[in-house]
Amino acid sequence: MKNFFKNLKRYALCFAAVAVFAVFASVPVSAAEEGLGNVGFIFSVETEDGFFSCNIKCGTAEVAAENRWLLSMPKAAEGTEVTVQIREGSITVDGRTLSDGDVITALSKGEHIVTYKGSTYYLDVFYGSDIPSIYIFTENGMEGVLADKAHKEGGQIYILNGDKFEYAGVLDYIKGRGNHTWTLEKKPFNIKLDEKADLFGMGENKGWSLLANYVDGTHLKNRIIYDFADAVGLNYSSKSVHADLYIDSEYYGLYTITEKVEIGDNRVEITNLEDLNEEANPDTDIEECELMGTRGEESALEKGSYKWVDIPNNPEDITGGYLLEFELDERYDNEVSGFVTNYGQPIVVKSPEYASKEQVEYIRSYWQEFEDAVLSDTGYNEKGKHYSDYMDMESMAKMYVYFEYAKNMEVGLSSFYFYKEAGEKLVAGPVWDFDKALGHAYKFGSIELGDPTGFLATGSRNDVGGMSIVSLLCRFPEFRQLAAQQWEEYFVPNIDGLVDSVDKLHSETKDSAIMDKNKWTEGFVRTTAEVPQWYGDQVIRLKYFLETRADFMSDNFAVEKLYVQYAANGGEGLYLNKDVYDAGDTVEVKENKFTYDTEFLGYNTRADGKGQNYMPGDTFEITENVTLYAQWKKKSIFERIAEFFDNLF
């Protein structure tokens, strides 16, 4: 009976769209707005559940000259009758005078001359692509959401896919999302449906993300990169679909509706420790438990610190599942649970978000042992365990190759995820946030991200100035060779498909992308007439980057390539030699990058100094991977005694 009433409620909302949808959206804009802000156009489309009607109001754009307005309509409205909706008075469209409620048959795409209240305006009419459209009607408007990322606003939502509803009913909330992307003019959002829905075959869930892709001129990067991750075997990559978004009758732009990165059915499908925490504490509101540990604006700078929530009881097994994310130091304080490694890497425990002390202690200790092994010359920590004992290295190598190929500056900084199932190793992934990758015209430090050649991830830094976990692993020849294997076995066979997907999605979304850029130009375009050419150029640049970058990767990520590792051998410091060699190449030994409290004597091919000696500047012919160990002058007996007493006291 309960399900009957829930379904009745949903169907009632759906049929309400037929009867009163236009009335619900009948006030297109505040009466205080000038120009055509008081004018809207109602379109209707027949669906499997009846007629769906919605009012779309006229809007302005960055590129619009004075007295020029935009009407951004979904594809479903093209060629249909549209009803004029005017708050007051009448308008003249192309010489025809219209009052509120009058009908225009097939309002054509392009420029129209509109006279309203004695003023003449240019109205540019655009129709989107044949893609889904999302209509959200909030209870109190979007002012609170746009002012505060944490503000949640309820309402109704209708997701139209062709002639059927993917979802029609109550919207639990819409709220802001993202970090840097939230500061941009076109905002990204998270939405939560009242009921789970299998949107576009992506799997049942209530929570979804609406990505704005504001800095991505193609609107394709996140979509193609998530699909590509699936193809190369990076698990749990988010599925996504393009859609035109309308909120309270206002066109918001072309968005990507996508799965959120979270633990759960149809997402990261591992043990949900959050659920187990709830089961272990049935009488406790975990979100109200006291926040403990090291917190505050400087907390991310305190190496070895951690923070947790004072939860009374733990489940029997706390070895998983965890979802971890690297984070920038200035954002770390805003997260509920997490830790800072001894090396200085801030890591957020995304799930369980409200983690107990024992849970954070477990996962930080696990990560720390992994990190200690990676920081050593040999790849082994003091317990004699190799870094591969803690991490699924194929996934880590794929993640490295993925970020290097995409030239994504987020590598080792933020939106860099790992998950751990109970009783199993860490796994790298899922991938996330690639709108500023794949040839983004931006200089990151000294590196041109738009240049399809050169290394980025290989020599990447973390947010506190040290090598990222990727760079640390790249010190080991065996890791780089594993990465080369992943490139040749998984990536190369799928590059053509990746490039082809650009053409396919470009064709499917072109009109909506142009309509979006008429509203949100990011300052690159000055007139609406320039948008199609500019957009087309962005797609060409993306394809050029994908193809040229693949050539660079194949030249530098071949399984037969050789590497030279430099080891401190008791000294201080870390050094990554990014050079790649072919068998028979001449290697020039690098200058010493390490420090010690005795004199540097050169390098040797063995840690104990019983191999081949080399000094900086020497050359040799490389035929296999080589590790060069720094050699240090031995301390005298008196120096060792003095050092013993210094350590003693």
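**Exercise 1. Positive phi outside glycine**

Task: In this predicted model, locate A106 and D94, and decide for each whether the residue is buried, partly exposed or exposed.

Solution: Begin with A106, which sits in the loop between strand 7 (103-105) and strand 8 (110-116). Its phi is positive, about 55 degrees, although the residue is not a glycine. Buried requires under 20% relative accessible area and exposed over 50%, so A106, at 36% relative accessibility, counts as partly exposed. Then turn to D94, placed in the loop between strand 5 (90-93) and strand 6 (96-99); D94 is not a glycine either, and has a positive phi of about 50 degrees. With a relative accessible area of 46%, D94 is partly exposed.

**Exercise 2. Cis peptide bonds**

Task: State where G321 lies and where P430 lies, and describe the peptide bond that leads into each residue.

Solution: G321 belongs to the loop between strand 18 (306-309) and strand 19 (322-326), and the bond from G320 to G321 is cis, with omega near -5 degrees. P430 is found in the loop between strand 23 (426-428) and strand 24 (443-444), where a cis peptide bond with omega of about 0 degrees joins G429 and P430.

**Exercise 3. The nonpolar cores**

Task: Which helix gives the largest share of the largest nonpolar core, and which residues does W367 contact beyond its neighbours within four places in sequence?

Solution: The largest nonpolar core has 94 residues, and those with the most contacts inside it are W367, M396, Y402, F416, F418, I469 and F479. Its largest share, 12 residues, comes from helix 9 (residues 477-519). Once the neighbours within four places are set aside, W367 is in contact with L324, F326, F339, T341, I347, M391, F418, L426 and I469. A second, separate core of 38 residues includes L70, M73, I104 and Y251.

**Exercise 4. Helix 7 and its two partners**

Task: Describe how helix 7 (residues 393-406) packs against helix 9 and against helix 10 (residues 531-556), and classify each angle.

Solution: For helix 7 and helix 9, the angle is about 60 degrees and the axes are 9 Å apart. Because 65 to 115 degrees would be roughly perpendicular and under 35 roughly parallel, helix 7 is oblique to helix 9. Helix 7 passes helix 9 in a right-handed crossing. The contact includes M396, Y402 and Y405 of helix 7 and F479, W487 and F491 of helix 9, and by class it has 15 nonpolar, 1 polar and 2 charged residues.

For helix 7 and helix 10, the angle is about 125 degrees, with axes 9 Å apart, and this makes helix 7 oblique to helix 10. V401, E404, Y405 and A406 of helix 7 meet F545, L546, R549, A550 and M553 of helix 10; these residues divide into 7 nonpolar, no polar and 2 charged.

**Exercise 5. Two charged residues**

Task: Is R549 buried or exposed, is D597 buried or exposed, and which residues does R549 touch?

Solution: R549 lies in helix 10 and, at 0% relative accessibility, counts as buried. Not counting residues up to four places away in sequence, R549 touches E404, Y405, K407, D451, P452, T453, G454 and Y544. D597, by contrast, is in the loop between strand 27 (586-588) and strand 28 (600-604), and at 53% relative accessibility counts as exposed. The C-alpha atoms of D597 and E572 are separated by 9.4 Å, although the two residues are 25 residues apart along the chain.

Notes. Residues numbered from 1 in each chain as written. Predicted model: local features only at pLDDT ≥ 70, side-chain atom pairs only at ≥ 80, totals over all residues. Heavy atoms only, no water. Core = buried A, V, L, I, M, F, W, Y, C linked by side-chain atoms within 4.5 Å. Buried < 20%, exposed > 50% of the residue type's maximum accessible area, 1.4 Å probe, protein only. Helix = DSSP H or I, 4+ residues; strand = E, 2+ residues; numbered from the N terminus. Contact = heavy atoms within 4.5 Å. Axes fitted to C-alpha atoms, helices over the stretch in contact; angles between N-to-C directions. Parallel < 35°, antiparallel > 145°, perpendicular 65-115°, else oblique. Left-handed = near helix turned anticlockwise from the far one by under 90°. Nonpolar A, V, L, I, M, F, W, Y, C, P; charged D, E, K, R; others polar.
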